[in-house]
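These are my notebook entries on a structure that is new to me. I set down what I looked up, entry by entry.

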Amino acid sequence: MIYNIFAILQRINNVTVTLKKYYISIKTIDILLEIYKIGIYHTRGIMRVISGIARGTKLNSIESLSTRPTLDRVKEALFNIIQNKIEDTIVLDLFSGSGAIAIEFLSRGARQAYLCENNHTATKMIYANLDKTRLKDKAIVIAKDYRKTLENFKQENIQFDIIYLDPPYQTNFAVDATKKILSLDLLKEKGTLIIETDDEKRELLELEKLNIKIDDIRKYGRVSLIFLTISSK
């Protein structure tokens, strides 16, 4: 009888080991597929407008240390969250890259979008993408440093309903820009500021010191979206 119990336990152990190996294999395959999809996405440098009047239009993008496209799954999740807040808004895409985020806003009903990008190659691509989508009349492209751009907005008495910050990763640009946006009063009272980051903890540590409310945080793989509004304090 003891032998039978031992045999049963041995079989259970074998099954457990087999299941663990199977689980590890599946996880490994998932990781490799994700790496492959991201690699293909960046290599092709092609994105599409997800929804709205320019839906399906292919957009060109570039991949570099300073200019990195927002992954389609992150972009889709973002616009699912804020879709009801877009109609007739004035939007600022401060680190615009290829312009994909601002173009998506315009395609979905934003009244006007300001696209700030200091990379010359990227600004050329922004204009090309705006031509493709026929949204150029609703867009204002600014090829200047973000700090100077924000100061100019104050001088021109411009405020925004939605501000999107997707600066180069591993920089303090997002928090620095947020500080300037608050000090210059560029976000409307009921406006939304969104930060895309790969270092959520670092950003939150600094943002918690500011007079701004953290409404929501969504994580998609290595990327986090932080949604903020003006604090009522």
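**Entry 1: an aromatic cluster**

Does Phe95 count as buried or exposed? I find a relative accessibility of 12% for Phe95, which therefore counts as buried, since the cut-off for buried is under 20%. I note here that the model is a predicted one.

I next looked up the aromatic pairs, and the structure holds seven of them. One of these joins Phe95 and Phe173 in a stacked arrangement, with 6.2 Å from centre to centre and 10° between the planes. This pair links distant parts of the chain, as the two residues are 78 residues apart. I located Phe95 in the loop between β3 (90–93) and α3 (100–107), and Phe173 in helix α6 (residues 173–183).

I then checked the accessibility of Phe173. Its relative accessible area is 25%, so I record Phe173 as partly exposed. Phe173 also pairs with Tyr146: the ring centres lie 5.4 Å apart and the planes stand at 45°, so I list this pair as tilted. Here too distant parts of the chain are linked, with Tyr146 in helix α5 (residues 146–155) and Phe173 in helix α6, 27 residues apart. Tyr146 has a relative accessibility of 5% and therefore counts as buried. I conclude the entry by noting that Phe95, Tyr146 and Phe173 form one aromatic cluster.

**Entry 2: a β-α-β unit**

I turned to strands β4 and β5. Strand β4 covers residues 112–116 and strand β5 residues 139–142; they pair in the parallel sense over four bridges. Within this pairing I found Tyr114 opposite Ile140 in β5. Together with helix α4 (residues 120–133), β4 and β5 make a β-α-β unit, and I record its hand as right-handed.

Which residues does Leu130, a member of helix α4, contact beyond its neighbours within four places in sequence? I list Ile103, Leu135, Lys136, Ala139 and Val141. For Leu130 and Val141, eleven residues apart along the chain, the C-alpha atoms are separated by 9.9 Å. The relative accessibility of Leu130 is 1%, so I enter Leu130 as buried.

**Entry 3: Asp161**

My last search concerned Asp161, which I placed in strand β6 (residues 160–165). What does the side chain of Asp161 reach at 2.8 Å? I identified the backbone nitrogen of Ile90 as the partner. Setting aside residues up to four places away in sequence, I found that Asp161 touches Thr89, Ile90, Leu187, Lys188, Gly191 and Thr192.

Conventions:
Residues are numbered from 1 along each chain as its sequence is written. This is a predicted model: local features need pLDDT of at least 70, side-chain atom pairs count only at pLDDT 80 or more; totals for chains, interfaces and linings use all residues. Side-chain values use heavy atoms; hydrogens and water are left out. Two strands pair if DSSP finds at least two bridges between them. A crossover is right-handed if, with the strands pointing away from the viewer, the path from the first strand over the helix to the second runs clockwise. Buried means under 20% relative accessible area, exposed over 50%, partly exposed in between (1.4 Å probe, protein chains only). Contact means heavy atoms within 4.5 Å. A polar contact is a pair of N or O atoms within 3.5 Å; within protein, one must be able to donate a hydrogen and the other to accept it, and residues adjacent in sequence count only if both atoms are side-chain atoms. Rings of Phe, Tyr and Trp (its six-membered ring) pair if their centres lie within 6.5 Å; planes under 30 degrees apart count as stacked, over 60 as edge-to-face and the rest as tilted.
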